[in-house]
Amino acid sequence: MTLGYNGKIAEVDLTEGKVSEYWPDEKILKDYVGGRGLGVKILWDKLGGKWRSVDPLGPENLLLALTGPLTGYVSGTRICVTGKSPLSNGIVGSTASGEFPLELKTAGYDGVIVTGRAENPVYLLITDDGAEIRDASKLWGMDGKETIKTLNREIRELLKERNPSFGLWKEPGMIYTGPAGENLVRNAAVMEKWSHACGYGGYGAVMGSKNLKALVAKGTGPLPEIAHPELLQALLDETYDAAFGNPQRNFWGTGAMGYSTGAQSSAEPVRNWQEEWHDERSIGVINFETRNWVKRYWSDYGCTRACMKLAVVKTGPFKGAITDNPDYELQAYCGTNLGIYDPDGVVYMSSVIDDLGHSGINGANTIGFAAELFQRGILNKEDLDGIEPVWGDAKAMGEMAYLIAERRAMGDILAEGTYRAAKAISEIKGVDAMQYAVHFKGIEVGAHGIRTGKHSPYLGYALSVQGGDHTSRPRPPMSEARSTMGDTMVVCTMGVPRLENIIWRYLKVVTGWELSQEDWINVNGRRIVQIQRAVILLGGPDVVWDPEIDDDNPPRWYEPLPSGPFKGSAPDRATLMEERKTAYADLGWDSRGIPSSKELRKLGLHDVDEVLEQLRT
Amino acid sequence: MSRRRPVTKPWVVRDYIKCSGCRLCEIACSMKHEGRIWPEASRVRVFMLVPGAEVPHLCAQCSYYPCISSCPSEALYKNEDTGAVIVDDEKCIACGACINACPGQIPHMHPEGGRVVICDLCGGEPECAKICERAGYGALFKGTRSSSVNYDLYAKNPEEITKNLAINLYGERGEELSE
């Protein structure tokens, strides 16, 4: 057995209703470790040869939920959900915090692979006794809060019945999809707790397509045996000292950026990226913390950061709305991007997004896109079932979230995500709606603009193998390998200061393996990126990206910033296209953006090289 | 004359509303007692029945020790120095009588089976409180038992505590979420 692992991934075929076990050999584990890396490898091995024909929302696609050997050890335990993305047609390693990965691990599993499609709604329950498929008919249609409440009760009663002498059973951990995913909203999230989301990639829709409401786990075992138990406590202590040494670091979470990223940095989406600057002091963190936060430090298992804050609306029309924080991304996407500057309105909008299982970034990007079309008279209230999404109207924006989740009226088209909706609306309305769509390879972009040239590389998103995902972008010298580490170790990259200095020691203590940051950048991480680049270029079946056209920023990001301290700033496209040539070389890609034969063979990816031959000729 | 008993006994003070849900207390407890990370073997377990309303659940050392008097195999006894309930693993028959006798159903079986686990206050230096104080949350901290407080009231079922916390945090919405 490989230390740090249970040595067991549950493989579930929902079409056949069968559960079996899968385990890769040690060489694969050493190369790809877990989470995003292992997911990419498994997807390539199982689907790589026929990638282009696999419908991400068809039974053939896989939905993977993977932990790693460091799950439960390194602060910020997360789960990585992946599969063929219905947005990019490539692979996104999409992670969220919560209790599910720990419960999975303590139940004796390292992950779950789901294939096929159940005839009726089901959920998967994993306990010490194994994995079982259970009926989810009554859960179908439930929002996040109802789903958690119902499953907590059901599972605790079941476990009590099965093990009456154990004493009180704690709640299980779970990831689930909301109404948006059930209705195949292409950018729907896989949710954990009430508000945590595996947001990028559209895996909520993949769950919906499989009639799979939730993966639920409750384990009672210890974490698997490790290589150097005698060194563990010292490493935990070092982590605690580093993490708790600066109390202010954990005080606001990322929520403090909601005002400053707009007002100072001019890199925040404002009204669907028409601007990136605002001076709305009303969304300063002091208003959320004094008005809405009922818990300043809110964590998941093993966290040393507690960047989450629990926010509640106590009065007024949105009374009773609950969400976490909102953190920076949601203050931006459910706030400034929709012109909502009232703290209660932002909390409300975030809570609606959570409850429906939309992705706070991606779904709210689509709502902002629709609101701009409404502003321009391209969409009218008849298209939107009577809703008038006027900037700043949180109630109307919340109704838009329902319109899309329920696929009513034009919501049916918006449910395809910003890129596909822009294509369809351009045709229906005879306009160029694509100029208002802010996405990269079908994935709506994170809330970090590039136009000032000061804060992010101009080509970061354009060359990312995860499209608009702000957590995975190549950095100069152009390489995205670094970004794969957190998702592959499946840990939070913000939980521990200087994580890159300590994580390799954790890996050694847990697995006994010697790996360095340098190895990761040059070999392991790079290998993961090249496979992801290969599959995003293979794409299909509905869209195939052309690097010449699609390794680029959306038109909106070439419009000069209209306001703020960086007014007039925008990248020069011709210069960027020149820079792209150099970047391709750094990334190991040929002049057309395809990973080169030499690069792939150097990394031992001969099979990937062979499949890519079809793109080179 | 026998050795003088300490005048004050330790108690793990619990300030539920401050619990972040990080469960570092479970990690610390299981590292101390099991030598590895094993949340369900931890003597403190954080119940998260309603997100946000996290309840660290551990022995309150009731004044009348109903668990000890319920034990048919004399496996439980009180440590006179700390007041903690100590489980004699050899004698415990895992019958569950102490779980049912506890007003808060706090003891639970060790996942390996065969014996119950109950907080032993780490001999007077509770690790759960140490880590929570170190993290700056102060949801658990080490205090001393005082005659003006009735600690029996803390032997309470996590569902009841959760409901109160949910209402405290979420108001009317908390009623519905903790049904």
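**Exercise 1. The two domains of chain A**

Determine how many residues of domain 1 of chain A are in contact with how many residues of domain 2 of chain A, and describe the domain 1 side of this contact.

*Solution.* In this predicted model, 35 residues of domain 1 of chain A are in contact with 27 residues of domain 2 of chain A. The elements giving two or more residues to the domain 1 side are helix H4 (144-162), helix H5 (179-182) and H7 of chain A. The largest share of that side comes from H5(A), with 3 residues. By class, the domain 1 side that touches domain 2 holds 14 nonpolar, 17 polar and 4 charged residues.

The bounds are next. Domain 1 of chain A consists of 1-242 + 485-540 + 602-617, and domain 2 of 246-416 + 425-431. The C-alpha centres of the two domains lie 27 Å apart.

**Exercise 2. Strand S7 of chain A**

State which residues lie on each side of S7(A), and whether they are buried or exposed. Then identify the strands with which S7(A) pairs.

*Solution.* Begin with the general rule: in a regular strand, side chains alternate between the two faces of the sheet. On one side of S7(A) are Val122(A), Leu124(A) and Ile126(A), and on the other Tyr123(A), Leu125(A) and Thr127(A); all are buried. The count for the strand (residues 122-127) is accordingly 6 of its 6 residues buried.

Turn now to the pairing. S7(A) runs antiparallel to strand S8 (residues 130-135) of chain A, to which 6 bridges join it. A hairpin of 2 residues connects S7(A) to S8(A), and Leu124(A) stands opposite Ile133(A) of S8(A). With strand S12 (residues 212-218) of chain A, the pairing of S7(A) is parallel and extends over 6 bridges. Here Leu125(A) has Val216(A) of S12(A) as its bridge partner.

**Exercise 3. A three-stranded sheet and the helices packed on it**

Give the strand order of the open sheet of 3 strands in chain A, and establish which helices pack on the sheet.

*Solution.* The order is S13-S14-S15 (chain A), and the pairing is antiparallel. Strand S13 (293-298) and strand S15 (322-324) of chain A are the edge strands, each pairing on one side only. On average, neighbouring strands of this sheet are turned by 15° against each other, direction ignored.

Between S13(A) and strand S14 (residues 308-312) of chain A there are 3 bridges in the antiparallel sense; in S14(A), Leu310(A) is the bridge partner of Lys295(A). Helix H11 (residues 343-356) of chain A packs on the sheet and touches S14 and S15 of chain A, its direction making about 85° with that of S15(A). From the other chain, helix H5 (residues 158-170) of chain B also packs on the sheet, touching S13, S14 and S15 of chain A. The direction of H5(B) makes about 75° with that of S14(A).

**Exercise 4. The contact between chains B and A**

Find how many residues each chain gives to the contact, and characterise the side of chain B that touches chain A.

*Solution.* Chain B contributes 39 residues and chain A contributes 41 residues. On the chain B side, H1, strand S2 (45-47), strand S6 (108-109), H4, H5 and helix H6 (172-177) each supply at least two residues. The residues of this side divide into 22 nonpolar, 9 polar and 8 charged.

Helix H4 (residues 127-135) of chain B may be examined further. Its buried residues are Glu127(B), Cys128(B), Ala129(B), Ile131(B), Cys132(B) and Ala135(B). These pack against helix H7 (232-244) of chain A, and also against strand S1 (10-14), helix H1 (24-34) and strand S8 (140-144) of chain B. After H4(B) comes Gly136(B), with a positive phi near 85°.

**Exercise 5. The overall form of chain B**

Why does the radius of gyration of chain B agree with that of a compact globule? Describe also the fold pattern and burial of the chain.

*Solution.* A compact globule of 179 residues would have a radius of gyration near 16 Å; chain B has 16 Å, and therefore agrees. Along the principal axes, the C-alpha atoms of chain B fill a box of roughly 55 × 35 × 35 Å.

Chain B has 6 helices and 8 strands, which follow the sequence pattern β-α-β-β-α-β-β-α-β-β-α-β-α-α. Of its 179 residues, 50% count as buried. Among contacts in chain B between residues at least 6 apart in sequence, 62% join residues at least 24 apart.

Technical notes:
Residues numbered from 1 in each chain as written. Chains lettered and ligands numbered in written order. Predicted model: local features only at pLDDT ≥ 70, side-chain atom pairs only at ≥ 80, totals over all residues. Helix = DSSP H or I, 4+ residues; strand = E, 2+ residues; numbered from the N terminus. Rg over C-alpha atoms; globule rule 2.2 N^0.38 Å. Buried ≥ 20, exposed ≤ 12 C-beta atoms within 10 Å, placed from the backbone. Contact = placed C-beta atoms within 7 Å. Pairing = 2+ DSSP bridges. Domains from an automatic or database assignment. Nonpolar A, V, L, I, M, F, W, Y, C, P; charged D, E, K, R; others polar. Axes fitted to C-alpha atoms, helices over the stretch in contact; angles between N-to-C directions.
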